[in-house]
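Hi,

Here is the structure I promised to pass on. Have a look at it first, and then read my notes on the aromatic rings below.

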Amino acid sequence: MRSILVTGAAGFIGSNFVRMLVNRAEPVKLVAFDKLTYAGNLANLDDLLKKDKHLVFVKGDICDQSTLERVWDEHGITEVVHFAAESHVDRSIISSGPFIHTNVVGTQVLLDVARAKKVDKFLQVSTDEVYGTLPYDQKEVMFTETTPLEPNSPYSASKAAGDCLVRSYFHTHHMPVLTTRCSNNYGPYHFPEKLIPLFVTNLMEGKKVPLYGDGLNIRDWLYVEDHCDAIWTVLNKGRFGEVYNIGGNNEITNRVITETILREMNCPWDQHVTYVQDRAGHDRRYAIDASKIKNELGWTPKHRFETAIKTTIQWYRDHEAWWRNVKSGEYLKYYETQYVNR
Ligand SMILES: NC(=O)c1ccc[n+]([C@@H]2O[C@H](COP(=O)([O-])OP(=O)(O)OC[C@H]3O[C@@H](n4cnc5c(N)ncnc54)[C@H](O)[C@@H]3O)[C@@H](O)[C@H]2O)c1
């Protein structure tokens, strides 16, 4: 039986990926591995751990070689899907150290253990942010897999460094690696420091939503289940050494996202939006050309933004205890620094 190590499995996308595989009842063993940083939450996996005997959780750090080796031997790991990362751009601007540690050193340690243990497949989950920013008014210009890496934030620089390491292990050591680079995700279990869950939960708490700058930055938004499905497709059918862009062909400004959420939640703009100073080095536009994964592997997204955003808002309405628990303690200190005292 395949035995897949899923790093960062208690985070947003990792937990959705595990959920997808458990619900599909694929005959795979899943080892959910996570350090449980502020962004990791075992509550994201609780029901799955109770229901699936092929799923186990291990608390551990990808920078810790001996723990990884022990997990490998105990569970006979055959494949790795590597989500674990420090993932929030704003936090990387406040302090980049943890990003270099986990996203670069952690990726190197994981690659070394995977190589020594002769892993069958290693999939690096990366981001379109490694490509930098695109011209705002040239809609025909998009990120392709050959766009040069020009990361502009400490977060994206650390992800680009991780991607380069993965690439180098393919060329130098002939390791069976795959890399995916996806656009912005939204959906259930998203930590409420990121735009969509932050805005939805703020409105549910009767707070204002903090919109950066002029609100005209553009992102390509993809429902998280589509991202997980694309990763599974690449893991099963992708060619080693290749990069696959994943996107929704769905460019939307932050302003339009805000308007959509306000409309769905019956909140007027004037009473609920507060403009805050723009993020330093804020990339203006991201857009993904996902024709390679479509033409080569037959993957396209299944969810439309107009309906999936409603599903997402409803999920936060139905899971108030989940996000209220997350929006406490350390989160409140971070929120004050980021949005209130500036
Ligand atoms: N969220 C997006 O829109 C998006 C888009 C494209 C790519 N990605 C990539 O997908 C991956 C997952 O993103 P996410 O949004 O789920 O992030 P997240 O912050 O929600 O989850 C990251 C998880 O990694 C864990 N982790 C952090 N450091 C660790 C360490 N040293 N060892 C073990 N576990 C550790 C955390 O506890 C957390 O559970 C990241 O690699 C990110 O770069 C995210």
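Which residue lies over the face of Tyr136? That would be Arg284, at 5.1 Å from the ring centre. Keep in mind as you browse that this is a predicted model. Another ring with a charge over it is Tyr244: Lys292 lies over its face, 4.8 Å from the ring centre.

Now for rings that meet other rings. The count comes to 14 aromatic pairs. One of them is Tyr38 with Phe191, an edge-to-face pair with 5.3 Å from centre to centre and 85° between the planes. Tyr38 sits in the loop between β2 (28-34) and α2 (46-51), while Phe191 sits in the loop between β7 (184-186) and α7 (195-204), so this pair ties together parts that are 153 residues apart in sequence. Are these two buried or partly exposed? Tyr38 has 23% relative accessibility and counts as partly exposed, whereas Phe191 is buried, with a relative accessible area of 10%.

Next, find Tyr186 and Trp221, which also form an edge-to-face pair: 6.4 Å centre to centre, with 65° between the planes. Tyr186 belongs to strand β7 and Trp221 to strand β9 (residues 218-223), so here the pair ties together parts that are 35 residues apart in sequence. Both Tyr186 and Trp221 are buried. They also have company: ring pairs link Tyr186, Trp221, Tyr223 and Phe305 into a cluster.

Try picking out those four rings in the viewer.

Cheers

Technical notes:
Residues numbered from 1 in each chain as written. Predicted model: local features only at pLDDT ≥ 70, side-chain atom pairs only at ≥ 80, totals over all residues. Heavy atoms only, no water. Phe/Tyr/Trp six-rings, centres within 6.5 Å; stacked < 30°, edge-to-face > 60°. Helix = DSSP H or I, 4+ residues; strand = E, 2+ residues; numbered from the N terminus. Buried < 20%, exposed > 50% of the residue type's maximum accessible area, 1.4 Å probe, protein only. Lys NZ or Arg CZ within 6 Å of the ring centre and 35° of its normal.
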